[in-house]
Amino acid sequence: MDVKVFRTFLEVAKEKHFGRASENLYITQAAVSARIKQLESYFDTQLFIRDRNAIKLTSSGERLITYAENMVRTLEQSKAELLLSKAHAIQLALAGTPNSWDAFLQHGLSVVTEVFSGYAFSAETMGREQMHRALLERTLDIGVGFDALKSDELASSQVAQLSLLLVSTTPQLQQQALEEGYVYVDWGSRFASEHALRHANTPPPFLRTSTGRIALDFILEKGGACYLPESMVAPFIDSQQLCLVEDAEPWLRPVYLSYRKDSAALEQIKQVETLLDNSEPTSPFVLQQAGDTPPAE
C-alpha cells in the first residue's frame with residue numbers, strides 16, 4: 001500500500017472535503033476519490049459518510065487515523081535518516097529517560113556533540129521499556145537511565161552518580177516533609193523499592209511524576225517537598241526558595257549507559273561512554289548534612 005494513499009486519507013479527514021483536500025495535495029479530485037476507494041477496498045470497510053455538503057468519518061475511519069499517522073511519520077523519519085547518512089559517515093541515536101535528561105544527560109549531550117564533529121545525532125526521550133526494546137531492535141544505539149538494562153545482548157555501565165536531596169519550600173523535618181505536600185519523583189525501579197523500605201510508614205505522596213522538572217516547578221508554585229538532584233536545586237537553595245530537609249540523608253543514584261554488545265558503532269559508543277563517565281562531585285550541601293566541613297579552596 002502506497003503511503004500516498006494514507007496521506008490523502010489524512011488530508012480528507014482533516015478538511016472534511018474532497019475538493020479542498022485535492023487542492024492541498026496538488027492532485028485532482030478524481031485522484032483523491034480513487035485513493036480513498038483504494039483504501040476502502042483494501043480494508044473492506046467504508047471510511048467516510050458522504051453527504052451533499054460535507055463528509056464525516058465512519059467509526060472505522062476514526063480508528064484508522066492513528067495507524068495512518070504512524071505510517072506517514074515512520075516514512076518521514078526514515079527519509080530524514082537516510083538523507084543524514086549521505087552527509088555523515090556515522091549516525092548515533094541516543095535516548096534517555098525523562099529524569100536522566102533533567103538531571104544529567106542534557107549537559108552530557110552538549111559535551112558529546114562538541115567532541116564528535118562530523119557526526120549526526122538523534123536525541124529522544126523514552127521510557128525504560130521502550131528504550132530496552134529499541135536497543136534490541138537496533139533502532140537505538142545508546143540508552144541512558146537510572147536502571148541498568150538487562151539482556152544477554154546488551155551491556156550496561158555506570159557513567160555517573162547523582163546525589164538526590166530531599167528539599168522543601170519551608171524548613172521542616174523529614175517526617176513532616178513526607179506527610180505534607182510530598183511529591184514522589186520516579187528515579188528508577190531500584191529507587192522505588194528502596195523508597196518503599198526507607199519511608200514505609202508514611203502516607204501516599206500528594207503527587208507522583210516521572211519528571212524532576214515537573215516536581216520542581218510544582219513545589220515552587222504550590223509548596224511541598226521532593227527528592228531532586230543537587231545540580232537542579234542548588235540555585236534555588238542559594239536564593240532561599242528551597243531549603244534542605246535537615247534530618248534527611250542524601251540519596252546516591254547511579255546513572256547507567258546501555259548499548260548492544262555487537263553494535264556496528266561500538267567504537268563510537270565507547271567514546272561517548274568515556275565522555276559521560278564523570279560522576280557528580282560531592283556537593284557542599286551533602287557535606288554539610290553529613291556534619292563535615294567542605295575543604296578550604
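Glu-273 has a relative accessibility of 12% and therefore counts as buried, the cut-off being under 20%. This residue belongs to a predicted model, in which the count of salt bridges comes to 10. The points below take up three of these salt bridges and a network, and then turn to strand S5 and the strands that pair with S5.

**A salt bridge within helix H11**

- Glu-273 forms a salt bridge with Lys-270, and the closest N and O atoms of the two are 2.8 Å apart.
- Both residues lie in helix H11, which spans residues 266-276, and because they are 3 residues apart there, about one helical turn separates them.
- While Glu-273 is buried at 12% relative accessibility, its partner Lys-270 has 36% and so counts as partly exposed.

**A network of shared partners**

- Arg-138, Glu-153, Arg-260 and Asp-262 are joined into one network by salt bridges that share partners.
- Within this group, the side chains of Asp-262 and Arg-260 meet in a salt bridge with an N to O distance of 2.9 Å.
- Arg-260 is buried, with a relative accessible area of 6%, whereas Asp-262, at 44% relative accessibility, counts as partly exposed.

**A salt bridge between distant parts of the chain**

- Arg-128 and Asp-147 meet through their side chains in a salt bridge, with 3.1 Å from N to O.
- This pair links distant parts of the chain, since Arg-128 is in helix H6 (residues 128-136) and Asp-147 is in the loop between strand S5 (142-145) and strand S6 (154-168), 19 residues apart.
- Arg-128 is partly exposed at 32% relative accessibility, while Asp-147 is buried at 12%.
- In general, side chains of opposite charge can pair when their charged atoms come close.

**Strand S5 and the strands beside it**

- S5 is covered on both faces, with Ile-142 and Val-144 buried on one side and Gly-143 and Gly-145 buried on the other.
- In a regular strand, side chains alternate between the two faces of the sheet.
- S5 runs parallel to strand S3 (residues 91-96), to which 3 bridges join it, and Val-144 in S5 is the bridge partner of Gly-96.
- S5 is also joined by 3 bridges to strand S11 (residues 251-260), and these two strands run antiparallel.
- Gly-143, one of the buried residues of S5, stands opposite Ser-258 in S11.

Definitions and conventions:
Residues numbered from 1 in each chain as written. Predicted model: local features only at pLDDT ≥ 70, side-chain atom pairs only at ≥ 80, totals over all residues. Heavy atoms only, no water. Salt bridge = Lys/Arg side-chain N within 4 Å of Asp/Glu carboxyl O. Helix = DSSP H or I, 4+ residues; strand = E, 2+ residues; numbered from the N terminus. Buried < 20%, exposed > 50% of the residue type's maximum accessible area, 1.4 Å probe, protein only. Pairing = 2+ DSSP bridges.
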